[in-house]
Amino acid sequence: MRGATATRWAACVTAVALAATGCGGGSDSAGASGAVLSSSWTDPQNPLEPANTNEVQGGKVLSMIFRGLKQYDPRTGEAKNMLAERIETSDSRRYTVTLKDGWTFSDGEKVTAKSFVDAWNYGASLRNNQKNAYFFSYIEGYDKVHPARGEQSAETMSGLRTVDDRTFTVTLSQKFSGFPDTLGYNAFVPLPRAFYDDRAGWLAKPVGNGPYTVESYTKGSEMRLTKWGDYPGPDAARNDGVTLKVYTDNNTAYTDLMAGNLDLVDDVPAQQLKNVRGDLGDRYLNTPAGIIQTLAFPYYDKNWNKAGSVKVRQGLSRAIDRRQITETIFQKTRTPATDWTSPVLGAEGGYKAGLCGAWCEYDAAAAKKLIKEGGGLPGGQVKITYNADTGSHKLWVDAVCNSINNALGNDRACVGNPIGTFADFRSKSTTQKLSGPFRAGWQMDYPLTQNFLQPLYYTNASSNDGKWSSPEFDRLVDRANAETDPARSVRMFQQAEEVVRDQMAAIPLWYQNGSAGWSQRLSNVTLNPFSVPVYDQIKVG
Amino acid sequence: MGRYVLRRLVQMVPVFAGATLLIFLMVNVMGDPVAGLCGDRQCDPATAARLRAEFGLDRPVWQQYLTYMGNVFTGDFGTAFNGQKVTELMATAFPVTLRLTIVAVLIEVVVGVTLGVVTGLRRGRPVDTGVLLLTLVVISVPTFVTGLLLQLLLGVEWGWIRPSVSSAAPFGELLLPGLVLASVSLAYVTRLTRTSIAENRRSDYVRTAVAKGLPRRRVVTRHLLRNSLIPVVTFIGADIGFLMGGAIVTERIFNIHGVGFQLYQGILRQNTQTVVGFVTVLVLVFLLCNLVVDLLYAVLDPRIRYA
């Protein structure tokens with residue numbers, strides 16, 4: 001009797017000890033599920049539909065649970081066929097897509113031409129409120145399903161036709177030779193029937209055709225993804241799963257990494273950049289991403305759009321000491337920009353180092369002279385508008401202003417103009433309510449020069465908030481899009497970029513890097529050109 | 001008593017309406033939330049118009065407010081931009097913050113009142129001076145400093161606890177965040193109790209109790225403490241509402257997904273529905289806490305009567 005009691009006590013003590021280690025972080029570091037890694041995340045802004053996700057955090061999940069026609073090579077950014085066997089065209093307008101055999105969704109449904117066509121029609125339809133609908137705007141019949149105003153007059157786009165289970169054709173409303181390369185973007189992935197049958201259920205636990213499946217999703221706190229054992233693609237996951245944990249503050253995520261509670265942080269806070277080498281040694285990565293920061297101008301304001309304005313803008317550009325700012329404030333996690341694209345495109349893809357030339361080099365005397373020749377700063381002062389809530393923008397705007405003030409020898413030449421929230425900042429800049437330069441950040445959707453130029457500088461383009469317009473630029477972009485030879489198309493885009501330079505349509509500041517830090521359990525951690533970790537390649541243990 | 005409670009409840013109606021209206025207007029003044037939904041790109045006008053219509057943003061503010069209040073009374077707090085019902089967000093956030101508040105209030109009451117009694121009875125002694133100095137330090141150091149410091153020491157350097165709280169947020173993990181959250185109020189509770197005890201110690205009824213030969217323990221707990229607690233109870237009652245809404249800093253540091261987190265995110269994304277919904281519930285909590293405090297007065301001091 002006494003013996004039995006003693007054993008029970010011992011068992012209890014062991015159970016308590018086990019439970020304690022369970023609380024102490026064992027559940028995610030070396031749990032029973034094996035090689036599962038945990039990674040920092042923030043709550044996605046929109047429902048996790050492919051055509052409705054336009055920010056990195058939601059995109060992170062989509063890139064794990066979906067595969068599209070093309071997949072961007074994590075290292076080079078080159079668009080390679082994934083589900084597509086071939087995409088053929090003779091005129092850069094009519095494309096025939098043939099799918100590979102053997103792909104299924106993780107619920108067993110076969111991926112067919114219809115899976116794509118239905119998903120694209122769903123994404124384009126005005127009725128579905130998809131924020132990425134404009135990605136389908138090159139396809140013929142888009143204006144019928146998504147008119148600028150009024151009700152839609154068609155259910156499906158006339159440019160999409162299913163030929164058989166593995167073939168469909170796409171007709172564009174204009175020539176666009178880069179179109180196949182855009183198809184690696186998340187908006188173009190196929191959707192299973194389950195999505196249309198029970199949208200709410202699907203959103204609670206999305207089903208796709210990628211290397212991971214969603215095991216559980218607690219909105220606002222965490223998502224558990226496990227490796228899909230029967231994944232038919234060539235890039236099967238090399239770990240057993242990923243747990244995405246929502247952090248409100250990236251400093252907490254970093255602290256958790258230091259304490260061994262988290263395996264991967266893909267956003268090292270600016271305050272920690274100084275210590276990160278000492279803290280993590282070679283478990284830290286700082287690599288170029290397809291992000292460029294520029295200063296855009298309000299061309300709807302007469303003061304910024306008169307005879308001498310070009311010289312004023314060039315002068316401002318030369319008054320900014322990019323090297324010093326990127327080194328002292330950003331600890332080299334940003335690189336001074338010398339063109340309007342991004343190094344991740346590579347020389348063949350259209351990146352041309354030094355295209356900006358002397359206009360992007362710091363020279364206080366030249367800056368002073370240029371601004372004087374251009375008739376001085378409008379109103380005697382520039383106000384750089386930015387949103388103060390995220391991204392430590394205040395730091396660099398103040399530094400840029402300091403640099404300008406020093407160069408011009410005038411303490412009041414430049415001041416920052418903070419706006420409380422991103423939403424308010426966007427609503428002011430998209431409704432033409434700004435009277436001075438403003439922060440313009442651009443993260444590429446797909447690695448093409450076109451994506452760095454057309455949305456930002458084409459007349460009335462979706463992100464041309466400053467309303468810059470140049471017939472010469474528009475003509476060159478149209479020609480570049482119609483050009484079938486990729487090398488010639490890139491050259492034409494660079495000519496268009498030279499127009500941007502000669503007018504100094506926007507002042508390029510720096511290229512942004514992606515950064516990541518990880519625990520000792522992980523190896524083979526890389527970031528793709530979209531600054532998202534390549535989860536399927538990470539090895540655990 | 002019953003009529004008093006009823007009167008207080010009726011008084012809450014205008015306070016409630018005014019508070020929600022103010023919050024509603026403030027969030028509205030921040031500008032157009034739809035513009036922030038499309039990243040660094042302009043939402044295409046057709047989609048933006050449909051989104052505005054869906055969230056009712058295309059109507060005048062007064063109409064939006066009336067519709068919103070109408071829905072609130074049927075239990076519908078609207079939908080957040082990420083497609084989740086606000087009631088669903090509340091169901092996940094409030095239990096977490098409630099647990100955090102309970103931990104914080106317990107620490108406040110137990111530690112604060114004990115320290116207050118001890119120092120109040122030993123006025124001028126080294127214990128008293130020491131605790132007074134300590135509370136002074138705690139009051140003057142901001143919460144985020146104590147929070148980050150303790151997190152770094154206990155979580156990273158010594159490895160006693162996890163630096164962040166898991167999504168389930170059980171009581172055990174909330175001990176440290178609760179302590180940090182309670183620290184400033186704890187200091188106030190200590191000082192309030194101390195002053196009150198020290199004052200009442202010389203009052204007639206205490207002298208009578210001592211003269212009757214009651215044991216010291218009984219004199220302190222039944223007579224002295226009970227009469228000295230009125231200001232402390234007032235403070236703690238008001239503090240519960242403050243702790244629930246004001247935990248934004250603590251919740252951020254320890255990554256607790258409670259009310260503070262939802263409010264912060266709601267404000268950043270200018271999500272009227274989330275912000276107004278959460279603040280409305282907080283206003284209710286605040287009003288109810290105050291009512292309970294007023295009723296507790298009568299329990300503590302039988303001389304107080306409500307008619």
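Strands, as named in these legends, are DSSP runs of at least two E residues, numbered from the N terminus. The model shown is predicted.

**View 1. A:Tyr95 sits in a strand of chain A.** The strand is β5, which covers residues 94–99. Is A:Tyr95 buried or exposed? A:Tyr95 counts as buried because it has 21 C-beta neighbours inside 10 Å, and the cut-off for a buried residue is 20 or more. Its contacts, leaving aside neighbours within four places in sequence, fall in two stretches of numbering. A:Ile87, A:Glu88 and A:Thr89 are among them. So are A:Thr169, A:Val170, A:Phe179 and A:Pro180. A:Leu48 makes a useful second landmark. A:Leu48 and A:Tyr95 are 47 residues apart in sequence, and their C-alpha atoms are 29 Å apart in space.

**View 2. Chain A as a whole has 18 helices and 19 strands.** Its C-alpha trace spans about 100 × 60 × 40 Å along the principal axes. The radius of gyration is 26 Å; for 541 residues a compact globule would have a value near 24 Å, so the two agree. Of the 541 residues, 52% count as buried. Take the contacts between residues at least 6 apart in sequence: 67% of them join residues at least 24 apart.

**View 3. Two residues with positive phi share the loop between β18 and β19 of chain A.** The strands on either side are β18 (522–523) and β19 (539–540). A:Asn524 has a phi of about 60 degrees, although it is not a glycine. A:Ser531 also has a positive phi, near 60 degrees, and is likewise a residue other than glycine. Which of the two is buried, and which is exposed? A:Asn524 is exposed, because 11 other C-beta atoms lie within 10 Å. A:Ser531 is buried, because 22 other C-beta atoms lie within 10 Å.

**View 4. Chain A meets chain B through 50 residues of chain A and 45 residues of chain B.** On the chain B side, four helices each supply at least two residues: α2 (45–54), α6 (143–157), α11 (248–253) and α12 (259–268). Which of the elements gives the most? That is α2(B), with six residues. By class, the chain B side has 17 nonpolar, 19 polar and nine charged residues.

**View 5. Chain B is divided into two domains.** Domain 1 covers residues 2–73, and domain 2 covers residues 88–300. Their C-alpha centres lie 32 Å apart. The contact between them takes 16 residues from domain 1 and eleven residues from domain 2. On the domain 1 side, α1 (2–29) and α3 (61–73) of chain B are the elements that give two or more residues. Helix α1(B) gives the most, with ten residues. The domain 1 side divides into eleven nonpolar residues, four polar and one charged.

**View 6. UniProt lists transmembrane regions in chain B, in an unreviewed entry.** The listed residues are 12–31, 96–118, 130–154, 174–193, 224–249 and 275–300. Two of these spans are described here. Residues 96–118 of chain B are 100% helix and 0% strand, and the end C-alpha atoms are 33 Å apart. Residues 174–193 of chain B are 95% helix and 0% strand, with end C-alpha atoms 26 Å apart.

**View 7. Confidence varies along chain A, from helix α1 at the lowest mean pLDDT to strand β7 at the highest.** Helix α1 (residues 2–29) of chain A has a mean of 39. Strand β7 (residues 167–171) of chain A has a mean of 96. Over residues 1–32 of chain A, pLDDT stays under 50. For that stretch the model has 13 contacts beyond four places in sequence. Where pLDDT is low, the predicted coordinates should not be read in detail. Across chain A the mean is 88, and 94% of the residues reach 70 or more.

**View 8. Chain B has a mean pLDDT of 85.** In chain B, 99% of the residues score at least 70. Where is confidence lowest in chain B, and where is it highest? It is lowest in α2(B), at a mean of 82. It is highest in helix α4 (residues 86–121) of chain B, at 91. The model scores ipTM 0.82 and pTM 0.84.

How values were computed
Residues are numbered from 1 along each chain as its sequence is written. Chains are lettered from A and ligands numbered from 1 in the order in which they are written. This is a predicted model: local features need pLDDT of at least 70, side-chain atom pairs count only at pLDDT 80 or more; totals for chains, interfaces and linings use all residues. The radius of gyration is taken over C-alpha atoms; the globule rule is 2.2 Å times the number of residues to the power 0.38. A residue is buried if 20 or more other C-beta atoms lie within 10 Å of its own, exposed if 12 or fewer, and partly exposed in between; C-beta atoms are placed from the backbone. Two residues are in contact if their C-beta atoms, placed from the backbone, lie within 7 Å. Ala, Val, Leu, Ile, Met, Phe, Trp, Tyr, Cys and Pro count as nonpolar, Asp, Glu, Lys and Arg as charged, and the others, Gly among them, as polar. UniProt positions are given in the numbering used here, feature names are shortened, and annotations may be inferred rather than shown by experiment. Domain bounds come from an automatic or database domain assignment. pLDDT is the predictor's confidence in each residue, from 0 to 100.
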